Amino acid sequence: GQNERDDSAQFYIVGWDTPYANRPSGCVRMGDRIGFRSRKNGRFVGVNFDDGSVLTCWGDHLKEWELFSVGSGGIARRASRTVRYGSEVSLRIKATWRGDEDRFVQYRRDTSRLCRANVQHVDTWETFTFFNPLDV
């Protein structure tokens with residue numbers, strides 16, 4: 001939910017395609033493939049495709065199932081290419097070794113309270129917000 005922003009729900013963004021430190025702005029952009037490293041345990045968020053596509057946080061290294069493509073979320077208006085704090089985004093993953101189609105991360109706050117990468121559309125439950133770590 002909205003108030004679940006303790007240390008276990010905070011992650012560092014890790015670049016894959018382009019190191020953000022080498023960019024003039026250091027910003028994440030729409031279409032980037034990123035990973036999330038836990039502030040609590042230092043491990044990477046990934047999709048466990050063998051257990052209902054639930055998100056876990058136990059990877060030691062970035063692998064395909066721990067890389068998410070950043071999209072514009074369920075926003076109908078044209079979004080900025082640069083992701084800023086407060087930006088609403090979607091997170092897409094593809095398991096090419098399994099032959100799966102793209103899947104979007106979804107948080108089911110009304111039922112299971114789990115994040116899963118198991119839907120092929122973007123709507124409210126597939127839209128996430130980037131927060132400034134200094135504000136939480």
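Two strands are said to pair if DSSP finds at least two bridges between them. With that meaning in place, this report describes a predicted model, beginning with its strands and then turning to the core, a pocket and several individual residues.

## Overall make-up

The protein contains nine strands and zero helices, so that its elements, read along the sequence, follow the pattern β-β-β-β-β-β-β-β-β. Of the 136 residues in the protein, 35% are buried. The structure holds zero disulfides, and two of its cysteines, Cys57 and Cys115, appear in the table further below with their accessibilities.

## Strands β6, β7 and β8

Strand β7, which covers residues 103–107, pairs with a strand on either hand in the bridge record: with β6 (residues 88–93) in the antiparallel sense over two bridges, and with β8 (residues 115–119), also antiparallel, over four bridges. Individual residues can be placed within these pairings, since Ile93 stands opposite Arg103 in β7, while Gln106 has Arg116 in β8 as its bridge partner.

How many of the five residues of strand β7 are buried? Four of them are, and strand β7 is therefore largely enclosed by the rest of the structure.

Ser90 is found in strand β6, and with a relative accessible area of 4% Ser90 is buried, because buried means under 20%. The C-alpha atoms of Ser90 and Gln106 are 8.8 Å apart in space, although the two residues are 16 residues apart in sequence.

In the loop between β7 and β8 lies Arg109, which counts as partly exposed at 45% relative accessibility. The C-alpha atom of Arg109 is separated by 8.1 Å from that of Trp125, a residue 16 residues apart from it along the chain.

## The β3–β4 hairpin

Strands β3 and β4 run antiparallel and are joined by five bridges, with Gly46 standing opposite Thr56 in β4. The two strands form a hairpin with five residues between them, and in the turn Gly52 has a positive phi of about 70°.

Ser53 is also found in the loop between β3 and β4, and its phi is near 60°, a positive value in a residue other than glycine. Most residues other than glycine have a negative phi. Despite its place in a loop, Ser53 counts as buried, at 12% relative accessibility.

## The nonpolar core

The largest nonpolar core has 19 residues, and those with the most contacts inside it are Phe68, Val70, Val83, Val89 and Leu91. The elements that give two or more residues to this core are β2 (33–38), β3, β5 (68–71), β6 and β7, and of these β6 gives the most, with three residues.

Strand β5 also holds Gly71, which counts as buried at 16% relative accessibility. The C-alpha atoms of Gly71 and Arg33 are separated by 9.8 Å, and the two residues are 38 residues apart along the chain.

## The second largest pocket

About 160 Å³ of space lies in the second largest pocket. Its lining is made up of 13 residues, of which the closest to the centre of the pocket are Val47, Asn48, Phe49, Asp50 and Trp65. The hairpin strands return here, as β3 (44–48) and β4 (54–59) each supply at least two residues of the lining. What classes of residue make up the lining of the second largest pocket? By class, there are five nonpolar, four polar and four charged residues.

## Accessibility of selected residues

The table gathers residues for which a relative accessibility and a class are available.

| Residue | Relative accessibility | Class |
|---|---|---|
| Ser53 | 12% | buried |
| Cys57 | 25% | partly exposed |
| Gly71 | 16% | buried |
| Ser90 | 4% | buried |
| Arg109 | 45% | partly exposed |
| Cys115 | 24% | partly exposed |

The two cysteines call for some care in reading: the cut-off for buried is under 20% and that for exposed is over 50%, so Cys57 at 25% counts as partly exposed, and Cys115 at 24% likewise counts as partly exposed.

Note on methods:
Residues numbered from 1 in each chain as written. Predicted model: local features only at pLDDT ≥ 70, side-chain atom pairs only at ≥ 80, totals over all residues. Heavy atoms only, no water. 1 Å grid on protein atoms, 1.4 Å probe; cavity = no way out; pocket = protein on both sides within 12 Å on 5 of 7 lines; lining within 4 Å. Points joined across faces, edges and corners; volume = space filled by probe spheres on them. Nonpolar A, V, L, I, M, F, W, Y, C, P; charged D, E, K, R; others polar. Disulfide = S-S within 2.5 Å. Buried < 20%, exposed > 50% of the residue type's maximum accessible area, 1.4 Å probe, protein only. Core = buried A, V, L, I, M, F, W, Y, C linked by side-chain atoms within 4.5 Å.
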